[in-house]
Amino acid sequence: MIQMREVCKTYDTGVVALSHVNVDIQKGEFVFVVGPSGAGKSTFIKMLFREELPTEGRLLVNGHDVVEMDRSEVPYLRRELGVIFQDYRLLPDKTVFENVAFAMQVIEAPRRLMQRSVNSVLDVVGLRDKYRSFPSQLSGGEQQRVAIARAIVNNPSIVIADEPTGNLDPETSWDIMDIFKRINRAGTTIVMATHDRNIVDTMKKRVIAIEDGRIVRDQQRGGYGYEA
Amino acid sequence: MKLRTGEYFIQEVFRSLRRNNWMSFASIGTVAVSLFVLGVFLILVLNMNRMASTLESQVQISVYLEEDLSRQQRIDLQSNIEKMQGIDTVKFVDKDEAKARLSERLGDQKYLLEALGDKNPLPDAFELTVAQPDMVETAAKAIERMDGVESAKYGQDVVEHLFDITRLMRIFGLVLMLLLAGATIFIISNTIRLTVFARRKEIAIMKYVGATDWFIRWPFLMEGIVLGCIGGILSAIALRSFYAAMAAKIYSTLAFFPLMPQYPFMNYVTVAIILSGMVIGAIGSAFSLKRFLEV
């Protein structure tokens, strides 16, 4: 599903964000990417949806060669991914329904599917009854749930989340994690960068720890901190 | 492009025209003014070209006779000219007839002739028509060498002059066109840039969920084309009234002036102006997209 071979990323400023990273993530896995700020977590995540390109090495995502692929193929890679950010990134002048439908609209999905798909993902995130609200009328957790709905409405095979609970209180964070668990159980691979020790320790999923641009630990059923 | 997508694009275009109403207004105004100036040049150049070629195709030579020619000399001269190759008809116009014609042609300004009293400064003349336009020059030169001929005039020097002027106007028009087009493209690309900026979040999301570059570009391109098109329509309307007014003015004073008839000429100009507006609009937005939409 995701394969990184000797991936390095050096920014134009000379900052080395990642060096010689090797990772394999299988279909259906739930993976936490942890590490201190500036360790390279974000770069790792961004490379998966080709927001950043590796400067060296090979990267396969869902069968696409991310490094070699033509610019014009990038949209088609991204249609197989669902991306979620810490700051939700919803469109303030669109309703909940429109925000989710927007993801279908821009890939020119058939309209007859739209109503049904949007309603069904709003069910998944528990916001069916708020479909006419605007983002400003929702709490942070609700907004993130809309973002999740938008990310999964096109049935991606991988969901990539960059600190999705970073702006939320612990209780709300757990609601969000429940949704991720459910999506994962349905077979979707999830890669999530996070700072939330509590979540990582409790979920007992695979943990990839990055420090100074290197993978310092890759552990099944791991925790946030270092274990002897 | 799917129909539904087209609908979406059109909605987006009108949304952003409303949002940037002042900039949109400025763009449309600039396009309209620029295209109007261009259109005036186009109309002038085309008309002068037409005038030049009309004159050129007039296969007429005016042969002015020396003052003191006797009747017999004149008749001999006429038969000599008639015998020349390529001469179609020879018509004698005496000085009185010439004066009457001139007076008619002057119309309101007839008083200029009246000032001369009974004097008639005009010479007797032959009016020749020639079988083919390209014979005019040689025939005129041969006739000019004949005894009793003061001079033989034909449209050529006027034509040359006109061509010189149109050539100059064409160059000037081209330079002006480039400058105006440049300014218009600049204004439009700035307007589109505002739209891109206003919608940058939306664009980022579109990219994350897998919209193609063209899907993202189309609404902006269409916005530019719509701006250019509206500007073009306004300027075409102005040009049509301008030409109608000009034609009315010219026909009332210079009836013989070979002006392009208003139709279908102005319909072509209208189409050309509106199309140029759309092309300029498209180029303008393409500029801003190239710089601001790199994925």
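**Helix packing, cores and contacts in the predicted model**

In this predicted model, helix H3 of chain A passes helix H5 of chain A in a right-handed crossing. The two elements, H3(A) and helix H5 (residues 140–152) of chain A, pack with their axes 8 Å apart and at an angle of about 30°. Because angles under 35 degrees count as roughly parallel, H3(A) is described as roughly parallel to H5(A). On the H3(A) side, the residues that take part in this meeting are Val96(A), Asn99(A), Val100(A) and Ala103(A), and on the H5(A) side they are Val146(A), Ala149(A) and Arg150(A).

Two of these residues, Val100(A) and Ala149(A), reappear in the description of the largest nonpolar core, which has 74 residues and in which they stand, together with Val33(A), Val159(A), Ile160(A) and Val191(A), among the members that touch the most other members. The element that gives the most to this core is helix H3 (residues 96–105) of chain A, with seven residues. The core also draws on both domains of chain A, with at least three residues from domain 1 (1–80 + 157–228) and at least three from domain 2 (90–155). When neighbours within four places in sequence are left aside, the contacts of Ala149(A) are with Val100(A), Val121(A), Leu122(A), Val124(A), Val125(A) and Leu127(A). A second core, separate from this one, consists of 34 residues, and its members include Ala32(B), Leu42(B), Cys229(B) and Ile273(B).

The arrangement of chain A may also be described by domain. The assignment for this chain gives domain 1, made up of residues 1–80 and 157–228, and domain 2, made up of residues 90–155. The centres of domain 1 of chain A and domain 2 of chain A, taken over C-alpha atoms, are separated by 24 Å. Where these domains touch, 11 residues of domain 1 of chain A are in contact with 11 residues of domain 2 of chain A. On the domain 1 side of this boundary, the largest share comes from helix H6 (residues 170–185) of chain A, which supplies six residues.

Contacts also link the chains, with 15 residues of chain B in contact with 16 residues of chain A. On the side of chain B that touches chain A, at least two residues are supplied by each of helix H1 (3–19) and helix H8 (200–208) of chain B. Of the elements on that side, H8(B) gives the most, with five residues.

Definitions and conventions. Residues numbered from 1 in each chain as written. Chains lettered and ligands numbered in written order. Predicted model: local features only at pLDDT ≥ 70, side-chain atom pairs only at ≥ 80, totals over all residues. Core = buried A, V, L, I, M, F, W, Y, C linked by C-beta atoms within 7 Å. Buried ≥ 20, exposed ≤ 12 C-beta atoms within 10 Å, placed from the backbone. Helix = DSSP H or I, 4+ residues; strand = E, 2+ residues; numbered from the N terminus. Domains from an automatic or database assignment. Contact = placed C-beta atoms within 7 Å. Axes fitted to C-alpha atoms, helices over the stretch in contact; angles between N-to-C directions. Parallel < 35°, antiparallel > 145°, perpendicular 65-115°, else oblique. Left-handed = near helix turned anticlockwise from the far one by under 90°.
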